[in-house]
Protein chains: 4
Amino acid sequence: MTFTAFLGALDAEIRERADWGDVASYIPELARIDPAQFGIAVALADGTMLTAGDAEQRFSIQSISKVFALACVLGRIGEQIWTRVGREPSGARFDSILLLEREHGRPRNPFINAGAIVTTDEMLAGRTPKDALSEIVGFLRTAAEDDDIHIDKAVAKSEAETGFRNVALANYLMSFGNLRNPPEMTLGTYFHQCAIEMTCVQLARAGRMIASLPDAPRILSAQKIRRLNALMMLCGHYDGSGDFAFRVGLPGKSGVGGGLLMIAPGVASVAIWSPGLNVYGNSKMGTYAAERLVQEMGWSVFG
Amino acid sequence: MTFTAFLGALDAEIRERADWGDVASYIPELARIDPAQFGIAVALADGTMLTAGDAEQRFSIQSISKVFALACVLGRIGEQIWTRVGREPSGARFDSILLLEREHGRPRNPFINAGAIVTTDEMLAGRTPKDALSEIVGFLRTAAEDDDIHIDKAVAKSEAETGFRNVALANYLMSFGNLRNPPEMTLGTYFHQCAIEMTCVQLARAGRMIASLPDAPRILSAQKIRRLNALMMLCGHYDGSGDFAFRVGLPGKSGVGGGLLMIAPGVASVAIWSPGLNVYGNSKMGTYAAERLVQEMGWSVFG
Amino acid sequence: MTFTAFLGALDAEIRERADWGDVASYIPELARIDPAQFGIAVALADGTMLTAGDAEQRFSIQSISKVFALACVLGRIGEQIWTRVGREPSGARFDSILLLEREHGRPRNPFINAGAIVTTDEMLAGRTPKDALSEIVGFLRTAAEDDDIHIDKAVAKSEAETGFRNVALANYLMSFGNLRNPPEMTLGTYFHQCAIEMTCVQLARAGRMIASLPDAPRILSAQKIRRLNALMMLCGHYDGSGDFAFRVGLPGKSGVGGGLLMIAPGVASVAIWSPGLNVYGNSKMGTYAAERLVQEMGWSVFG
Amino acid sequence: MTFTAFLGALDAEIRERADWGDVASYIPELARIDPAQFGIAVALADGTMLTAGDAEQRFSIQSISKVFALACVLGRIGEQIWTRVGREPSGARFDSILLLEREHGRPRNPFINAGAIVTTDEMLAGRTPKDALSEIVGFLRTAAEDDDIHIDKAVAKSEAETGFRNVALANYLMSFGNLRNPPEMTLGTYFHQCAIEMTCVQLARAGRMIASLPDAPRILSAQKIRRLNALMMLCGHYDGSGDFAFRVGLPGKSGVGGGLLMIAPGVASVAIWSPGLNVYGNSKMGTYAAERLVQEMGWSVFG
């Protein structure tokens, strides 16, 4: 079976299933989306792009934006960010505030919400929210070599109106002196960053630089790329990261909008989207498809 | 510079340093060891073994035994073990009891002490402590193709006399019904398993099967080996696992005796020993040497 | 020595001391106050009022307002409030958010900040912030039989600008559905309630109803008064409540402005003020004076 | 209605009820007891003893022994014990090990299991388990003026065989250096202390000294007695202490055997027994009877 045939069969198999999971309910704008959708795009080292399903459908990348925001910050200020945020798995839910109290306002890693808010706050150093958002959208456009990437303002507004737990996290960080801008400014920027819309094809293209594919734009050093991948492997799926590594074996980052970016270093950049979520808040069919794909192709970094 | 020359230079460089870290103090028999020692052995896919420093010196493998005990259990009972222990990073110290209370006696993963005690308990199902220990020592001898691997009973006795926190963990597990044997029987077995002595050369040879090197004995399926590696990557260095992945980028498992087993899947099995520890309880010079070696060779799984 | 002479001697002794503690620093408006001040007022069952020191000096009652806000709510809606907040000591700091995550947004008791925010939110049911504040100020005026009790708007504003941790708590409560009004509305009301200014004499008079003194206005049932006292005894001094009960033996409630209301049921209502704080955030000299007074008079409820 | 008639009516009312709660299941010897039993004894200041129900039935006093062990230790070594154990409510279950990890082996108070094990360990300073047990049994006999008080060795043995969580606590304390004797020695003594058997009449008589009744033997200073009462009020019912203070309003201490000692300072010493427990592990009918009795007599310390 060719790769394309495999993707088509996978898409067909998933569409037969009834257990898509539920969409995230805490962002009203996302709660309306039909969970029974599925798309996949695979960018290969030879420059080809294979797709199946709704691979050209735009979706809200949400937490996947954390990877690219961190990439921006690493590119600009470098390793200094680690004075404000750690790089260990948290062993807790993505929106947990508990460890933040115990560890005096220093988030465990940049991929849980508290850590991502710190990253966005760092992006705001010396610039306006508009400029910071231009930077990250520009970064994605450069990485994807596609200018048709935008922020869905209705989603940003929806999250701003109901994201009470993120407001709590930002103010808690501020109380420990680990925000440099007013909480509402950092949060406003953060909600817009999460509301970036992309298709699977665009996301797979943007991921090529993290996979170090030959045709990807050179933006970050090889060392920084390795480190991004390490963070995705250890912390990319919140308290389901161990399970993902165990079952799939590649670095990845999920978003509550149902997106999943997965990197096979040197081999492929994969974007999957299916909005129904599992108990960890990761895409249910996305995780399944990732497991099937990696098994089929033997792409696990673990042999 | 040849690989051998690199290892020699690394050994020479480390011997010049003064910051070896401190040896573990809570096991009296280990507290007496001179921290200023260093050895390294690298088993390559072509069957060669390169060494430097004290690579033939025996040391107490301690927690590295957890990897092989888990391998035994996976080989015998398979995935059933996951009903008793999780596979997520704990975000806490190796001997933490805190999460155990909150998660009702189910340890987060098999590489923190609580989880390893459950693994040993599983090994005891239907056999005596002597038989269980024969099984794991036998497993190591088979994997290393070397029969000169033994338990240091003085170390086992020393730990049994002072390992109060492990006694607490075992009894706590028992109170939740997650031990099947009397705590003192499981613990006695566990302390002996941790007291296995090996040299870097022996350990690198035993690790070949986890690296899927061509000359390694075939013991576990490819899938089980990938999963062992995933667990080592995410949980192999306790609450320093994220840092190790970030800086080194290979699956590894440390022991409080200063040993470190590191796997480059398909490429190499590396054993390093230096008894001085860093703040996480991992070998300080061992971690440094691992980082240097992987950088030099470009072995990171993250590209 | 007469009671008046004792209070005078206590005042004189304290004024000789150099260890007043530090004023609260997180509310800028309070951080400017000189810690070396002390006042005490004791309302007795026979209707007399004894004073010493700065007993007529106004100060910010801060968390002492939580007792009267709860009294209002108990008077109006009764025991229903306990569906939203518990009545157990928290074993944690006054502004801890940790237990709130673990216990799904239900604060342990109405005297830690999270619980007090819920009480204020309950006061807002069906009325404006202005009306709710009129109710609590009116309650205090009635209880003290003194209309000269007001809110210090500069303090309320100061806390609103820097009370990030309280903003976090309110939004966290909201995320669990345990606020009924917008977080900024409830918090605005809460900050104003905490900024009520009173003198020791006014506060001791207001406390008479909680001490069930004969000349106090009858506002609450005897059972509700007993329950208020029980809550003050168990939770009135945050994670220093056990120490206060152990050393003093009376129900009390402290405020971060340095105030302390203490109740000897049937015997006396005592208000003390000294703005320097101890490690728990309670008035240092206030706690000392309370201990000395109760010892001298034999007022401990514990015999 | 006379006091005696009230107690009789209360006994009759309770015997009609069907919701006795369940007996403790984790100590096999206690798990066999019929929950549908009830006895009460009230020692009054005038020297009379009123009883109802099974007031002469022996039961295992369990955690109530912690009060008398602490009284022994306070009498002998005094306030020094507070270097090893705190006096704040824990906000957690009686057998929680969680706070012990976070607070480095110093239990929150002497009435949770960890703290009581430290108290017993202190009693063992310089003496054998047999001598320490003689001291506490002797203390109870003196306090009750009754020599017919003994240890039920079958219960002690039963708990020793199944008390895994207490074994965990003791070893955990030891790992922090907060036990001075081997864990098994301190625990053996602790299990025997908890297995003391008394009747309600004996327990009410023993409690007279804590209530400072005129006919009680003088053993402790007035200050120490006040402090014992304060600790019982704040920590006597584990994470149900706030609820007990709120509903009943007197210092008390419960035991998992269904016993309850309650003190009305200067007025009465009350012992109640009913082996069915509520969710906190306190006697269900015992708590109910305490609430009814205190309401009827107006004995709350809170007015």
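Copies are superposed by least squares on the C-alpha atoms of residues with pLDDT of at least 70 in both. With this procedure, a rotation of 180 degrees with 0.0 Å of shift along its axis brings chain A onto chain B, at an RMSD of 0.0 Å, and the two copies are thus related as by a two-fold rotation axis. Among the residues of chain A, A:Gly91 comes closest to that rotation axis, its C-alpha lying at 2.6 Å. The same surface serves both copies, since 97% of the contact residues of chain A recur in chain B, where contact means heavy atoms within 4.5 Å.

This is a predicted model, in which local features need pLDDT of at least 70. Residues are numbered from 1 along each chain as its sequence is written, and chains are lettered from A in the order in which they are written.

Within chain B there is an open sheet of 5 strands in the order β2-β1-β8-β7-β6, with antiparallel pairing; helices (H or I, at least four residues) and strands (E, at least two) are DSSP runs numbered from the N terminus, and two strands pair if DSSP finds at least two bridges between them. Because β2 (49-53) and β6 (252-254) of chain B stand at the edges with a single partner strand each, one side of each is left without a neighbour in the sheet.

At one of these edges, β6(B) pairs with β7 (residues 259-264) of chain B in the antiparallel sense over 3 bridges, and B:Gly252 has B:Met262 in β7(B) as its bridge partner. Helix α1 (residues 3-16) of chain B packs on the sheet, where this helix touches β1 (39-44) and β2 of chain B.

Technical notes
This is a predicted model: local features need pLDDT of at least 70, side-chain atom pairs count only at pLDDT 80 or more; totals for chains, interfaces and linings use all residues. Side-chain values use heavy atoms; hydrogens and water are left out. Axes are lines fitted to C-alpha atoms, for helices over the stretch in contact, and angles run from 0 to 180 degrees between N-to-C directions.
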